[in-house]
Amino acid sequence: MPSLAVMKVLMRELMTSQRVQRTPEPDLVMDDPEKVADYTAAGRENGVMAPVYLFHSAQISRVIRSGDTVLDLACGPANQLVQVARLNPDCQFIGVDLSEEMLDKAEGLIAEQGIRNIELRKGSIDDLSAFANHSMDAVMSTMALHHLPHTGVLQETCKEAARVLKPGGGVYMADFGRLKSAESIDYFAHQYDHRQPALFTLDYFYSLNAAFSLDDLKAAAAVFGGDVRVLSTFLVPFMVVIMSQPRRDLPPAVQTGLQQLKDALPDYHQVDLADMRTFFRLGGVASPMLS
Ligand SMILES: C[S@@+](CC[C@H](N)C(=O)[O-])C[C@H]1O[C@@H](n2cnc3c(N)ncnc32)[C@H](O)[C@@H]1O
């Protein structure tokens with residue numbers, strides 16, 4: 001059951017006449033060492049992002065198949081990518097990011113964990129000319145599209161992703177959606193103040209203000225064709241996913257891996273994960289496992 005505070009946010013979003021304008025991220029590419037360090041820490045060792053990554057890992061694992069080559073758009077410090085790659089050792093992953101600082105962190109994590117199925121490339125996700133048409137079995141991206149400067153680049157990014165994807169390939173791209181009211185943005189930005197560094201809160205605040213609207217994301221994702229849907233959390237598109245139909249049932253080894261990761265989460269993250277599952281399920285995104 002969502003908390004009273006979250007219910008208030010939902011009511012406000014449904015009733016408000018406000019329409020907060022999008023403000024692009026001040027740091028489109030994340031190169032500031034301190035911010036990169038905070039963001040990286042938030043995704044590791046039960047940081048505030050842990051339940052979010054786990055939710056996405058389960059979803060991504062359903063749109064990829066054994067033997068696939070998977071492109072991660074704006075992989076950042078590879079917290080998400082490493083988790084998915086560990087769960088799916090029979091797939092090959094390529095992470096692309098524009099930030100040297102992020103790619104350094106990603107390299108460090110990959111080395112630390114002895115991961116062998118990830119390759120990193122420096123590049124911009126709206127120009128995937130390094131990759132041939134129909135060369136990828138699947139495309140993934142998490143919490144990154146809001147870093148793009150405007151809808152034109154968002155559309156170009158989806159166009160490029162669709163170009164490199166094989167027909168019938170898997171798609172899972174998740175990001176924040178734009179909230180209507182400034183108070184709601186404030187609520188979510190500060191919700192976990194006690195569990196995260198101040199700089200991460202500020203970064204999160206900027207991210208929510210830079211989120212594209214559900215309509216912008218739907219317009220950009222239309223290039224993938226009818227099999228790819230754009231779905232969001234129930235009632236309020238706080239989080240949005242652009243996703244293809246699942247391409248398989250989760251193999252037992254992946255199920256076990258996900259379960260172990262979930263069991264290792266502290267109780268407060270289990271609550272966050274349950275809320276995320278509920279809001280997405282009601283929005284039409286069923287989550288395998290993780291119950
Ligand atoms: C908030 S991080 C998300 C990282 C990762 N996907 C995750 O889920 O943790 C956003 C990332 O997008 C990268 N980025 C921003 N614009 C980009 C672009 N045009 N091309 C490639 N990467 C970009 C930033 O450098 C940063 O690493």
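This note goes through the ligand site, two loop residues and two helix packings of a predicted model.

1. The shell around the ligand holds 19 residues, and those that come nearest are Tyr-39, Tyr-53, Ala-74, Asp-97 and Thr-142. By residue class, the shell divides into twelve nonpolar residues, six polar ones and one charged one.

2. Two side chains and one backbone group deserve attention when the ligand's polar atoms are considered. Tyr-53 places a polar side-chain atom 2.5 Å from an oxygen atom of the ligand, and Asp-97 likewise has a polar side-chain atom at 2.8 Å from a ligand oxygen. With Leu-98 the backbone is involved, since one of its N or O atoms lies 3.3 Å from a nitrogen atom of the ligand. As for burial, the ligand taken alone exposes 600 Å², of which the protein buries 97%.

3. The loop between strand E1 (69-73) and H4 contains Ala-74, a residue that is also among those nearest the ligand. The phi of Ala-74 is positive, near 65 degrees, in a residue other than glycine. Ala-78 is placed in the loop between E1 and H4 as well, and Ala-78 too has a positive phi, of about 70 degrees, although it is not a glycine. For context when checking such backbone angles, most residues other than glycine have a negative phi.

4. Helix H3, which covers residues 50-63, packs against helix H4, residues 79-87, at an angle of about 45 degrees and with the two axes 9 Å apart. An angle counts as oblique when it falls outside the roughly parallel, antiparallel and perpendicular ranges, the last of which begins at 65 degrees and the first of which ends at 35; H3 and H4 are therefore oblique to each other. The handedness of the crossing between H3 and H4 is right-handed.

5. H3 also has a packing partner in helix H11, residues 267-282, where the axes come within 9 Å and cross at roughly 45 degrees. The pair H3 and H11 is therefore oblique, and H3 passes H11 in a right-handed crossing. Angle and distance are both quoted in these two points because two packed helices are described by the angle between their axes and the distance between the axes.

Technical notes:
Residues numbered from 1 in each chain as written. Predicted model: local features only at pLDDT ≥ 70, side-chain atom pairs only at ≥ 80, totals over all residues. Heavy atoms only, no water. Near = heavy atom within 4 Å. Polar contact = N/O pair within 3.5 Å; in protein donor to acceptor, adjacent residues only side chain to side chain. Areas by Shrake-Rupley, 256 points an atom, 1.4 Å probe, with all protein chains shown as cover. Nonpolar A, V, L, I, M, F, W, Y, C, P; charged D, E, K, R; others polar. Axes fitted to C-alpha atoms, helices over the stretch in contact; angles between N-to-C directions. Helix = DSSP H or I, 4+ residues; strand = E, 2+ residues; numbered from the N terminus. Parallel < 35°, antiparallel > 145°, perpendicular 65-115°, else oblique. Left-handed = near helix turned anticlockwise from the far one by under 90°.
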